[in-house]
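This report walks through one protein chain and its ligand, beginning at the ligand and moving outward to the core, the overall fold and a few individual residues. Please keep the sequence and the 3D view open while reading.

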Amino acid sequence: MTAKSSACPAALCEPGRDCPLCPRLAAFREEARQREPGWFNAPVPSFGDADARLLIVGLAPGLQGANRTGRPFTGDYAGDLLYATLLEYGFAAGQYQARPDDGLKLLGCRISNAVRCVPPQNKPLPLEINTCRQFLTQTIAGMAKLRAIVALGRIAHDSTVKALNLRAKEAPFGHGAVHDAGHYRLYDSYHCSRYNTNTGVLTPAMFRAVFSKVRADLER
Ligand code: SF4
């Protein structure tokens, strides 16, 4: 089980703007900086306070979403369903307006990504997922009150399972699955991407059911 600590030095939880550890992603980031100098174009930091009880782990920033705006799930379709659901279950307050200065606050909730830099075609390579896991591991370790982790999609699930030192066979991914991991419970959901919702793989009701369970468990 992952050891819990009460603090996480920023350098361990958050990569620097020019993190060089994944050369392919660093080159892609640099191209985006040249092409779109007004965009964020850097590892996207976690959103929400470190003393949250809930951590949501996504895959990676979307090119025109979090990579553009600098806030996880902000500015592309996936954020519409995620933030609407967080507002519904009391994990956020305010109004989501798809921009980082919309004043939206997370309540007892934090959002991060398994891979902090935007990957080409939304597809990080296994080595990149493994390399960036150090930041996910430290993010988890630095959240002293953390109880619930929601993994959005299989890649986020697999990386979180490794970060928690769980055995993959004992925690298979499945929408709605719940895995106990010592102090934590890991909840799985299909990713709230446009593709998954357009194809009916994930309906808003299926997504709400995950957060409804998290909320009920945290209230116990
Ligand atoms: S994906 Fe993570 S480890 Fe790789 S360059 Fe970006 S911040 Fe660094």
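In this predicted model, 13 residues surround the ligand, and those that come nearest are Pro15, Cys19, Cys22, Cys117 and Cys132. Two elements, helix H2 (23–35) and H5, each give two or more residues to this shell, and H5, with three residues, gives the most. By residue class, the shell around the ligand divides into 10 nonpolar residues, one polar residue and two charged residues.

Cys132, one of the residues nearest the ligand, is also touched by Ala114, and this leads from the ligand to the nonpolar core. The largest nonpolar core has 59 residues, among which Leu54, Leu55, Val57, Ala114, Ile149 and Val150 touch the most other members. At least two residues of this core come from each of strand S1 (54–58), helix H4 (77–88), strand S4 (109–113), helix H5 (126–141), strand S5 (148–152), helix H6 (154–163), strand S7 (184–189) and helix H8 (204–219). Ala114 shows how such a core position is surrounded: when residues up to four places away in sequence are not counted, Ala114 touches Val57, Leu59 and Ala60, then Ile129, Cys132 and Leu136, and finally Ile155, Ala156 and Ser159.

Turning to the chain as a whole, its secondary structure comes to eight helices and seven strands. The radius of gyration is 16 Å, close to the 17 Å that the globule rule gives for 220 residues, so the chain is as compact as a globular protein of that length. Taken along the principal axes, the box that the C-alpha atoms fill is roughly 50 × 35 × 30 Å. Buried residues make up 45% of the 220 residues, and of the contacts with a separation of 6 or more, 67% are between residues 24 or more positions apart.

An unreviewed UniProt entry lists residues 45–211 as "domain: Uracil-DNA glycosylase-like". In the model, this span is 33% helix and 17% strand, and its end C-alpha atoms lie 23 Å apart.

Three loop residues deserve a closer look, and the table sets out their places and surroundings.

| Residue | Loop | C-beta neighbours within 10 Å | Burial |
|---|---|---|---|
| Asn41 | between H2 and S1 | 24 | buried |
| Asn165 | between H6 and strand S6 (178–181) | 12 | exposed |
| Tyr89 | between H4 and strand S2 (92–93) | 19 | partly exposed |

Asn41 has a positive phi of about 50° although it is not a glycine, and Asn165, likewise not a glycine, has a positive phi of about 60°. The surroundings of these two asparagines can be read from their neighbour counts: Asn41 counts as buried because 24 C-beta neighbours lie inside 10 Å, whereas Asn165, with 12 other C-beta atoms within 10 Å, is exposed.

Which residues does Tyr89 contact, leaving aside its neighbours within four places in sequence? The contacts of Tyr89 are Phe211, Ser212 and Arg215. With Arg215, Tyr89 forms a pair that is 126 residues apart in sequence, yet the two are 6.9 Å apart in space, C-alpha to C-alpha. The loop that holds Tyr89 follows H4 and leads to strand S2, while the residue itself, with 19 other C-beta atoms within 10 Å, is partly exposed.

How values were computed
Residues are numbered from 1 along each chain as its sequence is written. This is a predicted model: local features need pLDDT of at least 70, side-chain atom pairs count only at pLDDT 80 or more; totals for chains, interfaces and linings use all residues. UniProt positions are given in the numbering used here, feature names are shortened, and annotations may be inferred rather than shown by experiment. Helices (H or I, at least four residues) and strands (E, at least two) are DSSP runs, numbered from the N terminus. A nonpolar core is a set of buried Ala, Val, Leu, Ile, Met, Phe, Trp, Tyr and Cys residues joined through C-beta atoms within 7 Å. A residue is buried if 20 or more other C-beta atoms lie within 10 Å of its own, exposed if 12 or fewer, and partly exposed in between; C-beta atoms are placed from the backbone. Two residues are in contact if their C-beta atoms, placed from the backbone, lie within 7 Å. The radius of gyration is taken over C-alpha atoms; the globule rule is 2.2 Å times the number of residues to the power 0.38. A residue is near a molecule or strand if its C-beta atom, placed from the backbone, lies within 6 Å of it. Ala, Val, Leu, Ile, Met, Phe, Trp, Tyr, Cys and Pro count as nonpolar, Asp, Glu, Lys and Arg as charged, and the others, Gly among them, as polar.
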